[in-house]
Amino acid sequence: MAEQSRRLFLALWPEPALAERLHQLAGQAHRDCGGRIMRQETLHLTLAFIGAVVEDRLPELLMVLGRVRVPRFHIRLDTVGHWAHNHILWAGCTEVPPALLQLAADIRREVAAIGLPVSEPAFVPHMTLLRKARTPYVPAVFEPLEWDVAEWALMASCLAPHGADYQRVAAWALD
Ligand code: 2AM
């Protein structure tokens, strides 16, 4: 019988109040750009994408991720970007906190060290708001959204017809 596997990634998950503000921003952008709005409860910032991992690798993965030590940091979401190649419209930050870069780099290093595949592309912190967006979005007014980040999480993604469902597997507090 085939071994059970789960599609895993590491992410920052916003508190409900911030997710609500981001979802409102997505709704405004959707009026101009079309596409598909991410559901409020699915909004997140991916730190590293691993992909399918068989269940018996999970204890080792949890062990190495537990070594990552990074101080708490603050993200100011103050920009909306659009990637023409994949039609994603996203919220991001013009100033990327060094601790966020360190967190993503340390996670990727630990995952790679145990031989699991981890996303290679340069890390561009972004929170996908719309998929299949036709155009960039230029908000008339955009008050930055402030985010005090206190923890990060290992998540499992289940692909479903209505879009992915996400399940929290484990989480770690920042220092
Ligand atoms: P996206 O928001 O830019 O689409 C869970 O699937 C998360 O991992 C999504 O946020 C997605 O980023 C990212 N992701 C999905 N597939 C990926 C891949 N093959 N490589 C890197 N990141 C991926």
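In this predicted model, the strand that gives the most to the lining of the largest pocket is β3, with 4 residues. It isn't working alone, though: β1, β2 (36-37), β3 and β7 each put at least two residues into that lining. Altogether 31 residues line the largest pocket, and the ones nearest its centre are His44, Thr46, His126, Thr128 and Arg131. Sorted by class, the lining comes out as 16 nonpolar, 10 polar and 5 charged residues. The space in this pocket amounts to about 690 Å³.

So much for the walls; now for what they hold. The largest pocket is where the ligand sits. Three elements, β1 (5-12), β3 (45-54) and β7 (127-131), give two or more residues each to the shell around the ligand. Spelled out residue by residue, that shell consists of Arg7, Phe9, His44, Thr46, Phe49, Ile88, Ser119, His126, Thr128 and Arg131. Its make-up by class is 3 nonpolar, 5 polar and 2 charged residues. His44, Thr46, His126, Thr128 and Arg131, already met as the lining residues nearest the pocket centre, turn up again around the ligand.

Three side chains can be picked out for their polar contacts with ligand oxygen. For His126, a polar side-chain atom lies 2.7 Å from an oxygen atom of the ligand. Thr46 has a side-chain N or O atom at 2.8 Å from a ligand oxygen, and for Arg131 the distance between a side-chain N or O atom and an oxygen atom of the ligand is 2.9 Å. As for how much of the ligand is covered, taken alone it exposes 470 Å², and the protein buries 69% of that area.

Put together, the pieces give a simple picture of the site. The ligand sits in the largest pocket, with Thr46, His126 and Arg131 each offering a side-chain atom to ligand oxygen. Around the ligand, the shell also includes Phe9, Phe49 and Ile88, while the lining of the pocket as a whole counts 16 nonpolar residues.

Note on methods. Residues numbered from 1 in each chain as written. Predicted model: local features only at pLDDT ≥ 70, side-chain atom pairs only at ≥ 80, totals over all residues. Heavy atoms only, no water. Near = heavy atom within 4 Å. Polar contact = N/O pair within 3.5 Å; in protein donor to acceptor, adjacent residues only side chain to side chain. Areas by Shrake-Rupley, 256 points an atom, 1.4 Å probe, with all protein chains shown as cover. 1 Å grid on protein atoms, 1.4 Å probe; cavity = no way out; pocket = protein on both sides within 12 Å on 5 of 7 lines; lining within 4 Å. Sits in = over half its atoms within 2 Å of the grid points. Nonpolar A, V, L, I, M, F, W, Y, C, P; charged D, E, K, R; others polar. Points joined across faces, edges and corners; volume = space filled by probe spheres on them.
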